[in-house]
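Visitor: I am new to this structure and should be grateful for a close look at a single part of it. Would you kindly take the place where two helices meet, and then relate it to a few individual residues?

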Amino acid sequence: MTPANPRKAIEDAIYAGDLPGLLQTSGMLHGHFCPFSALGVKAGARAVRDLGVRKSTGMEEVIAIVETNSCFSDGVQITTGCTFGNNALIYRDFGKTAFTLARRSGDGIRISVLADRVKAERTPETNELWEKVVVQRRGSDAERDRLNELWRDLSFRTLDLPDDEVFEARQVKVEVPSYARIFASVQCSVCGESIMEPRARIKDGKPVCIPCSGQAYYHLAGDGIAVIPR
Ligand SMILES: [Zn+2]
Ligand SMILES: [Zn+2]
């Protein structure tokens with residue numbers, strides 16, 4: 001029978017200190033190995049351990065506040081179990097490689113990455129391929145494969161760097177939002193799709209969804225949160 005707690009293996013790996021195993025799992029979500037997702041894994045595991053979190057089920061027992069939508073945050077989501085989809089993840093669009101894990105009491109730990117120390121680990125070949133494949137998006141398949149190998153090696157090495165050299169960690173007090181409310185659904189009178197009630201707009205006296213209303217909306221993409229005017 002399937003156990004009811006799918007996160008058990010992840011918690012066990014965290015308390016056993018199995019960071020390579022966690023990075024492997026993170027890679028399944030993230031799609032590649034890279035130093036910043038490795039740092040997210042390392043930081044997330046550290047915060048879970050420091051706060052002594054056990055048996056969390058992604059039901060807002062703990063919340064994570066991430067300050068970047070970069071690779072780092074996927075490592076944080078895998079290890080903390082606070083995700084985009086379970087309401088336990090708060091995104092602040094600060095562009096900082098940092099995150100906070102907090103209990104409902106507000107006791108938390110904020111970990112920020114000392115980026116220069118991490119960058120110093122890259123070899124000239126990695127930098128060159130990064131520029132070509134990722135920044136300019138014009139590398140060959142062979143160059144992309146080579147970068148993925150170099151990144152894999154660098155990522156697993158990053159896990160071994162002493163925490164004090166790559167992180168600044170401090171205890172913080174967090175104002176934890178109340179549990180996410182469960183809203184009723186209403187039906188859009190134009191397209192017929194179901195909408196969470198607070199997102200419904202009124203047009204000609206009838207509920208409509210935001211796309212059918214023609215109103216501006218928030219949008220989170222690679223560049224961060226933006227308002228899309230209409
Ligand atoms: Zn990445
Ligand atoms: Zn609609």
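Guide: What follows is an account of one pair of helices, then of three individual residues.

This is a predicted model, in which local features need pLDDT of at least 70, side-chain atom pairs count only at pLDDT 80 or more, and totals for chains, interfaces and linings use all residues. Residues are numbered from 1 along each chain as its sequence is written, chains are lettered from A and ligands numbered from 1 in the order in which they are written, and side-chain values use heavy atoms, with hydrogens and water left out.

The predictor's confidence in each residue, pLDDT, runs from 0 to 100. For the protein chain its mean is 95, and 100% of the residues reach 70 or more. Confidence is lowest in helix H5 (residues 115–119), with a mean of 83, and highest in strand E3 (residues 98–103), at 98. Helices (H or I, at least four residues) and strands (E, at least two) are DSSP runs, numbered from the N terminus.

The pair in question is helix H2 (residues 19–30) and helix H7 (residues 141–160), whose axes come within 10 Å and cross at roughly 140°. Axes are lines fitted to C-alpha atoms, for helices over the stretch in contact, and angles run from 0 to 180 degrees between N-to-C directions. H2 is therefore oblique to H7; angles under 35 degrees count as roughly parallel, over 145 as roughly antiparallel, 65 to 115 as roughly perpendicular and the rest as oblique.

From H2, Leu19, Pro20, Leu23 and Gln24 meet Ser155, Phe156 and Leu159 of H7, contact meaning heavy atoms within 4.5 Å. The residues of this contact comprise five nonpolar, two polar and no charged. Ala, Val, Leu, Ile, Met, Phe, Trp, Tyr, Cys and Pro count as nonpolar, Asp, Glu, Lys and Arg as charged, and the others, Gly among them, as polar.

Preceding H7 is a loop that begins after helix H6 (124–135), and Arg137 lies in that loop. Arg137 has a positive phi of about 50° although it is not a glycine. Most residues other than glycine have a negative phi. Arg137 counts as exposed because its relative accessibility is 69%; buried means under 20% relative accessible area, exposed over 50%, partly exposed in between (1.4 Å probe, protein chains only).

Asn87, in the loop between helix H4 (71–80) and strand E2 (89–91), has a positive phi of about 70° and is partly exposed at 48%. Arg46, in helix H3 (residues 35–51), is buried at 18%.
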